[in-house]
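Please study the structure shown below and attempt each exercise before reading its solution.

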Amino acid sequence: MKKNYLILAVLAFAVSCGGNGSTTSGETAALPVETVPSVEVTVARVRSVPQEMSYASTVEAYAVNNIMPQQGGRIRKINVEVGDYVSRGQVLAEMDRLQLDQLALQIQNDEIEYQRLKSLYEEGGVSQSDFETAELGYKLRKTNYKNLEENTILRSPVTGFVTARNFDAGDMFGMSAPLFTVQQVVPVKLHVGISETEYARVKKGDQVTLTVDALPGRSFTGKVGRLFPTIDPLTHTFKAEVVVPNADKALRPGMYARVTVNFGDRLSVVVPDQCLVKQEGTGTRFIYVLQADGSVSYVPVKTGRHMGSEYEIIEGLSDGQTVVVKGQAALKDGVKVNVL
């Protein structure tokens, strides 16, 4: 009886083991299927790329003149105000004329005396030395009159805006500050700090473009008017003076500007900016290049200009190579891909 119970227990255990996931003959275990990443590609091409760089600068007056007499005196008349646009030679102010009028009368008398001595000299009635002494004195006083007139009747040496007036009519001018400041704004100039690596590529007469924050939507054209001969050892830049015609006087001194300098064209490989992938934790950028066997290679590249939706590639790619433009997230070096 005991023996029968043992046989039944063994049979029950065998049936139990046969029903718990054991593989029967003729059945095969399912294997995971490896998916092939799908990508979109494009062909890298060489083309001419303008070599342009933008620099921050500030608009400056082409000339700034501080106008004042050579000596103190009473200000008799003020003719202009701050903001007035004045012409070259226009009278801005007049100082006290007492000395000028006295010298004018003296010159009138000197001229009469000079003409009298000249007639006598021509007839032999006056020695040559006396005549030359009188002539020299007469010419010297005329020169002094011209100088005094320039310092009594103050004129603008340039055409431009009056940007400062520091005295009023009736004030006693004491040489402490200029009476006026006049700034020439047709044209204007800008000083641009350019990297020393571009020193050999910039020359006088090169055309530049610029924009200013104060006038959105407008751009202006100018030329390099002067190159400074030294390089700043701290910033490793040199200065280029850019002159802009500014015929409509839209640009004003003090405006913040962005100046774009064109250094010419260069033949470079160009690809869509979507091709580039930035390596995490570094500044390295790379592109996946499609190989003949259908796999992709990880290729580090050096970029140049970013032009809208495209990048200039300076190093790493050649003309005609096929590069991945979409689907990089699922890729790694050497993986096979499905090109859509």
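**Surface and charge**

The protein exposes about 20900 Å², and carbon and sulfur atoms supply 52% of that area. This is a predicted model.

**Exercise 1.** State how many positive and how many negative side chains the protein has, and how far apart the centres of the two sets lie.

*Solution.* The count gives 36 positive and 38 negative side chains. The centres of these two sets are 6 Å apart.

**Exercise 2.** Determine how confident the prediction is, and where the pLDDT falls below 50.

*Solution.* Begin with the whole protein: its mean pLDDT is 87, and 90% of the residues reach 70 or more. Then turn to residues 1–27, where the pLDDT is below 50. Beyond near neighbours in sequence, that stretch has one contact in the model.

**Exercise 3.** Decide whether the protein is a compact globule or more spread out.

*Solution.* First, list the elements: three helices and 19 strands. Next, compare the radius of gyration, 43 Å, with the 20 Å that the globule rule gives for 340 residues. The former is well over the latter, so the protein is more spread out than a compact globule. Finally, consider the box filled by the C-alpha atoms, roughly 175 × 45 × 35 Å along the principal axes.

**Exercise 4.** Classify Q128 as buried, partly exposed or exposed, and locate it.

*Solution.* Q128 is found in helix α3, which covers residues 128–152. Its relative accessible area is 45%. Buried requires under 20% and exposed over 50%, so Q128 is partly exposed. Across the whole protein, 31% of the 340 residues count as buried.

Definitions and conventions
Residues are numbered from 1 along each chain as its sequence is written. This is a predicted model: local features need pLDDT of at least 70, side-chain atom pairs count only at pLDDT 80 or more; totals for chains, interfaces and linings use all residues. Side-chain values use heavy atoms; hydrogens and water are left out. pLDDT is the predictor's confidence in each residue, from 0 to 100. Contact means heavy atoms within 4.5 Å. Helices (H or I, at least four residues) and strands (E, at least two) are DSSP runs, numbered from the N terminus. The radius of gyration is taken over C-alpha atoms; the globule rule is 2.2 Å times the number of residues to the power 0.38. Buried means under 20% relative accessible area, exposed over 50%, partly exposed in between (1.4 Å probe, protein chains only). Accessible areas come from the Shrake-Rupley method with a 1.4 Å probe; for residues, only the protein chains shown count as cover. Lys and Arg count as positive and Asp and Glu as negative; His and the chain ends are not counted. The place of a charge is taken as NZ of Lys, CZ of Arg, CG of Asp or CD of Glu.
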